[in-house]
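Thank you all for making the time this morning. I would like to walk through one model with you, and I will put the sequence and the coordinates on the screen before I say anything about them.

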Amino acid sequence: QVQLVESGGGLVQPGGSLRLSCAASRGVFSFNSMAWYRQDPGKERELVARITRGGITNYADSVKGRFTISRDYAKNTLYLQMNSLKPEDTAVYYCYANYDMDSWGKGTLVTISS
């Protein structure tokens, strides 16, 4: 069972930035794909950004140009750099990884508010 631990959430004003981290219990290069999802209470979980083993990335239209997903092989960590944050980005953000099965972290709360 893969362990994923998110960190970096918090309260930020609109227009601010945050970087989320997801520490994995195995090398990030070994996963077929890794991703960040988010979920607002009362809404379905949605894909924010994904990166494949080969480094191909894709983003939700709502975050394109503002968010960047990346990996650090040495640290076994997935990142999500979030810039120009908006109140509608408020959600619990979850790390996801696929190896032989789907694995999820427990989430980190991001709140965008003035």
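I will go from the sheet to the core, then to the disulfide, and finally to a few individual residues.

Let me say at the outset that what you are looking at is a predicted model, and I will keep to what was computed from it.

I begin with an open sheet of 4 strands, whose order is 1-3-8-7 and whose pairing is antiparallel. Strand 1, residues 4-7, and strand 7 are the edge strands, and each has a single partner, so one side of each is left without a neighbour in the sheet. From one strand to the next, the twist averages 15°. As a general reminder, strands of a sheet pair through backbone hydrogen bonds, in either the parallel or the antiparallel sense.

At the strand 7 edge, the pairing with strand 8 is antiparallel and runs over 6 bridges. Two of the positions can be followed on the screen: phenylalanine 67 is opposite methionine 82 of strand 8, and serine 70 is opposite tyrosine 79, again in strand 8. Strand 7 also has two faces, a covered one made of Phe67, Ile69 and Arg71, and an uncovered one made of Thr68, Ser70 and Asp72.

What happens to the backbone in the hairpin of strand 7 and strand 8? There are 4 residues between the strands, and asparagine 76, which is among the residues of this hairpin, takes a positive phi near 50°. The general expectation is that most residues other than glycine have a negative phi. Asparagine 76 sits in the loop between strand 7 and strand 8, and its relative accessible area of 23% makes it partly exposed.

A second case of this kind is serine 84, which has a positive phi of about 50° although it is not a glycine. Serine 84 belongs to the loop between strand 8 and strand 9, and it is partly exposed, at a relative accessible area of 40%.

In that loop between strand 8 and strand 9 we also find leucine 85, and here the side chain counts as buried, with 2% relative accessibility. Setting aside residues up to four places away in sequence, leucine 85 touches Val12, Pro14, Gly15, Gly16, Ser17, Leu18, Arg66, Phe67 and Ile112. The C-alpha atoms of leucine 85 and leucine 18 are separated by 8.2 Å, although these residues are 67 apart along the chain.

Turning to the interior, the largest nonpolar core has 28 residues, and those with the most contacts inside it are Met34, Trp36, Leu80, Met82 and Tyr93. Two or more residues each come from strand 3 (18-24), strand 4 (33-39), strand 5 (46-52), strand 7 (67-72), strand 8 (77-82), strand 9 (91-98) and strand 11 (108-112). If we take methionine 82 from that list and again leave out residues up to four places away in sequence, its contacts are Gly16, Ser17, Leu18, Leu20, Arg66, Phe67, Tyr93 and Val110.

Which residues form the disulfide? They are cysteine 22 and cysteine 95, with their sulfur atoms 2.1 Å apart, and the count for the model comes to 1 disulfide. Cysteine 22 lies in strand 3 and cysteine 95 in strand 9, so the link ties together parts that are 73 residues apart in sequence. Both cysteine 22 and cysteine 95 are buried, and with -80° about the S-S bond, their link is left-handed.

My last residue is arginine 38, and I would ask you to guess before I go on: is arginine 38 buried or exposed? Arginine 38, in strand 4, has a relative accessible area of 6%, and it counts as buried because that value is under the 20% cut-off. Its side chain makes a polar contact of 2.6 Å with the side chain of glutamate 46, and another, of 3.4 Å, with that of serine 62. Beyond its neighbours within four places in sequence, arginine 38 is in contact with a list of residues that includes Glu44, Val48, Phe67, Glu88, Asp89 and Tyr93.

That brings me to the end, and I am happy to go back to any of these views.

Notes. Residues are numbered from 1 along each chain as its sequence is written. This is a predicted model: local features need pLDDT of at least 70, side-chain atom pairs count only at pLDDT 80 or more; totals for chains, interfaces and linings use all residues. Side-chain values use heavy atoms; hydrogens and water are left out. A nonpolar core is a set of buried Ala, Val, Leu, Ile, Met, Phe, Trp, Tyr and Cys residues joined through side-chain atoms within 4.5 Å. Buried means under 20% relative accessible area, exposed over 50%, partly exposed in between (1.4 Å probe, protein chains only). Contact means heavy atoms within 4.5 Å. A disulfide is a pair of cysteine sulfur atoms within 2.5 Å. A polar contact is a pair of N or O atoms within 3.5 Å; within protein, one must be able to donate a hydrogen and the other to accept it, and residues adjacent in sequence count only if both atoms are side-chain atoms. Two strands pair if DSSP finds at least two bridges between them. Axes are lines fitted to C-alpha atoms, for helices over the stretch in contact, and angles run from 0 to 180 degrees between N-to-C directions.
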